[in-house]
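Please look over the sequence and the 3D structure below. The report that follows walks through the core, the ring pairs, the cavities and a few single residues.

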Amino acid sequence: MESKLILEEHVEYCDCVICTLCGMNPQMHIEAIFSKMLFYRYSSRIFRMFSERILKLSQETSLDVIAICSALQKEATDKAIEERKYPLEALDRFLLAAIRWLRRVSEEEKPEIIQDVIKESLKICLTDPIHFRWQWLTIRQLARTPLKIPKLEWLRLHVKARLRSPFKSIVINLASELNMNEAIYLYSFSCIVICYTTTIKTLHFCRTLCSPRPCPTMNTEKYTPTAKTNYNTVNNVINNYVDTEMEEARKDFDSFSHLFYREWRFQICSYLGQVCAFQYKADWIESGWSAAYYFNEAMFISTRQLARMISKKSEESQNFHFENIKKFKKAVQCLPPDLTVVQLFLDSRRILWLIKLYSGQPPLVVPVAFLPQDDVLLKRFVTLLAENDASGNLSKTCTDPKEYWQIRRKLDKKLKILVSEVQAEWFGIFSVLLLPSVSVNDARISVISELVSSGLSRSFASALVENLDLSTTNWRQLVQRFSSLENFDETVATHIADHRNHWLSKFGKQPFVRDFSGSYVLFCVSPELASFPFELLPVIESHKRVCRISSFHMFEKLLSLSEKIPKTVNGMNSFYVLDPGGDLTDTQKRLSKELEKYTCWKGTIGAAPKPEELRNSLETSDLFFYMGHGSGGRYFGRSTVLRSNIRAVSLLMGCSSVRITYEGEGFDGRGAIYDYVIAKCPCVVGCLWMVTDGEIDRVLLALLDFCFSGIRKADGDKIKPNSSYRLLIDGIAYARTACKLKYMTGGAVVAYGLPIVTCLSEDMMEMKQQSKTTQLFNKDITLLPKSRELLATQPIERGNLY
């Protein structure tokens, strides 16, 4: 979105305070121009201005050194002047500006200009290879030839995208030593620095940078319709391509995969993931596994780095990255058979990838859509959330409840329509891949083997067999798309599609009917898309057991701490915090009476607990309920959560309590959910956006009724614990039906973490030892009507915002 603000332009001899200070302090002048470049999104015009200002530093610093030496009555040697020529802070700023400019520069920019920027940037990096290591790696990656994306109809790559011109030879000539291991590389690089420091000349930044031009059409290459048997001709061309830049990129990552440099890691892992996913051939590419590995290493980089820093201060230091594909494969194969991880990753070229991880088969990696910055559905969703915020504030001024609810229901209907359009436009037939995978039987194995023998990859073959219960039309469409990705011609695709009836007649329909009753889907979504309620997609309506995870690396650590899935917690060991700010009086009245019935629970009402008390509760309780504004961080501080070793399943029933605020490409965004994930919280339930107190109270009361009614004290009765079990995610799905707005309120509530089951009796430990725990949750559960009775008798106000 273009900025509507315009910065005030200063005349050449402006005497304002800012210009005066900039004239006296060169570094401040550099920071001012850099800020201006940020505002104008790294335009070429401002980048040229910035480069010219850097050039002047050599003259200014030389005069400063001479003046200082004169004052000290010392000789200003050439060495002293050379060492102070360009301050380190200024070079840091230039390299950052160069990286951001190279990422956004148009392909129509003059090649010699881009060449000069890359060349001079790499020279700067050579002056201090340790300090400038992340800049060097990033510029090396940005200088590589952008991968040619096959022209797949559903990706709609006719939309314009930012690309650059390649200058691979520059990087190869100046820095080929990176292909060695890190230790040898750093030693060799030090030798290069010694040579360069005596010969580096004045920076020759180009003074003729052009103003921004319209971005070009995305570079695409249409697959030649050819069968697999005739693929060798194509391979000869592709292999030459792979053996140079792609091989170097792989070696770069192998050498420095332990470094979490966000700018570099996101770019290179997106690039390598695309190489592996688009069927390029090389000895190191393993179908399905390689692409999934690299895409996973590109996700949630900052969060993993923070978790690693915190873990180093504890007794158990963890890396939070997979050192190689073998270890990644082991982690996937260790997933419980009732869990399917579905990752939605938006890469550096804004291709949305669906990555499906299941223990019984290779990863399925599919490009489902191309989402430009100005994607219509994304913009509509952002606008809808803004309208939701505005409508929530109407409760303070709108005196007519009917008018208020009419506005809210209109937004609810808008979201319902938008969710359906997202499934149709972004996913299409690929939406069926969002459903969980299941174990294979003999009939499935036979069909998969037949498909693999025909040349189809095992992951695609498994997905096709898994969806044989689709209609003939839909299954053929799925075959066509997989065939396009495999570079099959029409005859091969038709041959596969025609065999469907043969398999169904041979084995019958029953072996291909899927049973999702004991399966769970775990969504892992890129930060830019994390606020969208994928749990409400129509295809998911038939399967409501859906959780989220923030990172597969973090989830692997969390999974190792749980003996069984779903994880069992004792509902009687709970702690709550109700309205710590004391300004949600209606919520206090509604919920305090209900909480009093849970006499075995402990908590505070109308006041915030002390940080030590909260930390102790998080580490010793099985469940933690927060009912107030946001996620509660304003009352007990972020560090209280972040530095804890959380045992309690946490329900944060406040506005945007688990929302991830997007901050730009490659960034993880901001959100309290990361603090709970790093603190090893088994599961966090919260809201993706603004909700009103009355509506979210409905959800909470229904959830309490579903999961904890067995330990609630009825009027005049004692608590009679029973051995009933309730799945928390089943409770969330049930609670969505209790509020007036299924989408705007119910859709906001999601769960991050492990599937959780609540046990309401003291025999929990005995029940946990049973080997087939999941069988307890496959039976139909008779829901208690208490919550609906309670909601019907208690007036629900539309007042304050959580």
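## The core around Phe-482

Leaving out residues up to four places away in sequence, Phe-482 touches Leu-364, Val-366, Phe-430, Leu-433, Phe-460, Ala-463 and Leu-464. This is a predicted model. The largest nonpolar core has 244 residues, and Phe-482 is one of three that touch the most other members. The other two are Trp-426 and Phe-427. In soluble globular proteins, nonpolar side chains tend to be buried together.

Now step back to the whole chain. It has 802 residues, and 57% of them are buried. It holds 31 helices and 16 strands. Take the contacts between residues at least 6 apart in sequence: 79% of them join residues at least 24 apart.

## Aromatic pairs

How many aromatic pairs does a search of the whole structure find? The search finds 38. A pair of aromatic rings is described by the distance of the centres and the angle of the planes. One of the pairs is Trp-289 with Phe-328: the planes stand at 80° and the centres are 6.2 Å apart, so this pair is edge-to-face. Trp-289 belongs to helix α12 (residues 289–297) and Phe-328 to helix α14 (residues 325–333), so the pair ties together parts 39 residues apart in sequence. Both Trp-289 and Phe-328 are buried.

Tyr-626 and Phe-636 also form an edge-to-face pair. Tyr-626 sits in strand β11 (residues 623–627), and Phe-636 sits in helix α25 (residues 633–636). The two residues are ten apart, and their pair links distant parts of the chain. Tyr-626 and Phe-636 are both buried.

Here are the two pairs side by side.

| Aromatic pair | Centre to centre | Angle between planes |
|---|---|---|
| Trp-289 and Phe-328 | 6.2 Å | 80° |
| Tyr-626 and Phe-636 | 6.1 Å | 90° |

Trp-289 and Phe-328 also belong to a cluster linked by ring pairs. Its other members are Phe-253, Trp-264, Trp-284, Tyr-293, Tyr-294, Phe-322 and Phe-552.

Is helix α12 mostly covered or mostly uncovered? It is mostly covered: nine of its nine residues are buried. Among them are Trp-289, Tyr-293 and Tyr-294. Asn-296 and Glu-297 are on the buried list too.

## Charges over rings

Some rings have a charged partner. The charged end of Arg-93 sits over the ring of Phe-34, 4.5 Å from the ring centre. Arg-726 lies over the face of Phe-706, and here the distance to the ring centre is 5.9 Å.

## Cavities

Rolling a probe the size of a water molecule over the atoms shows where empty space is left. The structure holds six cavities of 30 Å³ or more. The largest cavity contains about 180 Å³ of space. Its lining has 18 residues. Which of them lie nearest the centre? They are Phe-266, Leu-346, Ser-526, Pro-527 and Gly-666.

## Two residues up close

Start with Gln-423. It lies in helix α16 (residues 401–427). Its relative accessible area is 15%, under the 20% cut-off, so Gln-423 counts as buried. Not counting residues up to four places away in sequence, Gln-423 touches Gly-428, Ser-431, Leu-537, Pro-538 and Val-539.

Next comes Glu-663. It is found in the loop between β12 (649–653) and α27 (672–678). Glu-663 has 40% relative accessibility, so it counts as partly exposed. Apart from its neighbours within four places in sequence, Glu-663 is in contact with Gly-669 and Arg-670. Glu-663 and Glu-528 are 135 residues apart in sequence, yet their C-alpha atoms are 8.1 Å apart in space.

## Backbone exceptions

Most residues other than glycine have a negative phi, and most peptide bonds are trans. Three places in this chain are worth a look here.

A cis peptide bond joins Ile-565 and Pro-566, with omega about 0°. Pro-566 lies in the loop between α22 (552–560) and β8 (567–570).

Asn-487 is not a glycine, but its phi is positive, at about 70°. Its place is the loop between α19 (472–486) and α20 (490–498). With 5% relative accessibility, Asn-487 counts as buried.

Lys-680 also has a positive phi, near 65°. It lies in the loop between α27 and β13 (683–687). Is Lys-680 buried or partly exposed? At 35% relative accessibility, Lys-680 counts as partly exposed.

How values were computed:
Residues are numbered from 1 along each chain as its sequence is written. Side-chain values use heavy atoms; hydrogens and water are left out. A nonpolar core is a set of buried Ala, Val, Leu, Ile, Met, Phe, Trp, Tyr and Cys residues joined through side-chain atoms within 4.5 Å. Buried means under 20% relative accessible area, exposed over 50%, partly exposed in between (1.4 Å probe, protein chains only). Contact means heavy atoms within 4.5 Å. Rings of Phe, Tyr and Trp (its six-membered ring) pair if their centres lie within 6.5 Å; planes under 30 degrees apart count as stacked, over 60 as edge-to-face and the rest as tilted. Helices (H or I, at least four residues) and strands (E, at least two) are DSSP runs, numbered from the N terminus. A charge sits over a ring if NZ of Lys or CZ of Arg is within 6 Å of the ring centre and within 35 degrees of the ring normal. On a 1 Å grid over the protein atoms alone, a cavity is a set of points where a 1.4 Å probe fits but cannot get out, and a pocket is an open set with protein on both sides within 12 Å along at least five of seven lines; lining residues have an atom within 4 Å of a point. Grid points are joined across faces, edges and corners, and a volume is the space filled by probe spheres set on the points.
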